[in-house]
Amino acid sequence: MTMHRDAPMEEAVEGDEPPRLPPRPGFSIRAAMIVPGIGVLILALFIGAEFLTSNPVQPTKTSTHAFSVPGTPLRAVPGVHALKVITTAGQPPGNIINAVSIPDGARRTSDENNSAASQGAYDAQITLTADESQAALETFYSKVMKKQGWQILSTGPADHLAAGLEVLGKKAGSDGFYWEMGAVIAPTSFGHGAPATGETSFTLELLQEQDPD
């Protein structure tokens, strides 16, 4: 029986180099950080979008000087001084106070705090008198409130004042709450001592909505 011999092994020749394997791809820290970085960026974008949509604080066009209001003979001046008697503990916030104007020459006659009746939410008002007609004051507040960033919700007859007119607006406060402002204008009176245009009493009420925006 013929025996099979193993094939002779080739002897290594001195000087031959072992075969080289292809290099393994290296590990890059920079590449590994790309995915977490994208995640952080997406999270930041979501947080920013949520803040902008949940607290849409509208810009306020303020002026330290009187300015004419088209369609009326009245000039608007900042109401911060007149509202000082109902400003307390930072309420209403600055961007709301700065968005309230009154007719130049209007005289404050009274003020009232209604917060107790509003279950603790801020609710206060001042009453003023101006030497101008009811119609002029309605036009004044319709235009001035819109100019200063208030969303006009309604204009027309007042709910709780016979023959009265009301302009109601809403604005996001910098405190995270929405605020409402109502200008309620009484009929013009032509009593003794009143000017030819008559004398009109009106009330400005500021109310903080209870639910944050």
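In this predicted model, strands E1 and E2 are paired in the antiparallel sense, with two bridges between them. Across this pairing, serine 68 stands opposite arginine 75 in E2. Six residues separate the two strands of the E1 and E2 hairpin, and among the residues of that hairpin glycine 71 takes a positive phi near 90°.

**The three-stranded sheet**

Strand E2, which covers residues 75-78, is also joined to E3 by three bridges, and these two strands run antiparallel as well. Together the strands form an open sheet of three, in the order E1-E2-E3, with antiparallel pairing. Because strand E1 (67-68) and strand E3 (101-103) each have a single partner strand, they stand at the edges, and one side of each is left without a neighbour in the sheet. Strands of a sheet pair through backbone hydrogen bonds, in either a parallel or an antiparallel manner. The residue pairs that can be named across the sheet are set out below.

| Residue | Residue opposite or bridge partner | Strand of the second residue |
|---|---|---|
| Serine 68 | Arginine 75 | E2 |
| Alanine 76 | Proline 103 | E3 |
| Valine 77 | Isoleucine 102 | E3 |

Helix H3, made up of residues 134-147, lies across E1, E2 and E3, and its direction is at about 155° to that of E3.

**The loop between E2 and H2**

Two backbone features fall in the loop that leads from E2 to helix H2 (94-97). Alanine 89, which is placed in this loop, has a positive phi of about 50° although it is not a glycine. Proline 92 has its place in the loop between E2 and H2 too, and the peptide bond that joins glutamine 91 to proline 92 is cis, with an omega of about -5°.

**The largest pocket**

Further along the chain, the largest pocket holds about 290 Å³ of space. The elements that contribute two or more residues to its lining are strand E7 (165-172), strand E8 (177-185) and strand E9 (200-212). Of the elements, E8 gives the most to this lining, with four residues. The lining residues include Ala158, Asp159, His160 and Leu161, together with Glu166, Leu168, Glu180, Met181, Gly182 and Val184, and also Glu205 and Leu207. Sorted by class, the lining of the largest pocket has six nonpolar, two polar and four charged residues.

**Confidence in the model**

The pLDDT of the chain averages 81, and 68% of the residues score at least 70. Over residues 1-13 the pLDDT stays under 50, and for this stretch the model has zero contacts beyond four places in sequence. Residues 46-55 likewise have a pLDDT below 50, although in the model this stretch has four contacts beyond near neighbours in sequence. Where pLDDT is low, the predicted coordinates should not be read in detail.

Technical notes. Residues numbered from 1 in each chain as written. Predicted model: local features only at pLDDT ≥ 70, side-chain atom pairs only at ≥ 80, totals over all residues. Heavy atoms only, no water. Pairing = 2+ DSSP bridges. Contact = heavy atoms within 4.5 Å. Axes fitted to C-alpha atoms, helices over the stretch in contact; angles between N-to-C directions. 1 Å grid on protein atoms, 1.4 Å probe; cavity = no way out; pocket = protein on both sides within 12 Å on 5 of 7 lines; lining within 4 Å. Points joined across faces, edges and corners; volume = space filled by probe spheres on them. Nonpolar A, V, L, I, M, F, W, Y, C, P; charged D, E, K, R; others polar. pLDDT = per-residue confidence, 0-100.
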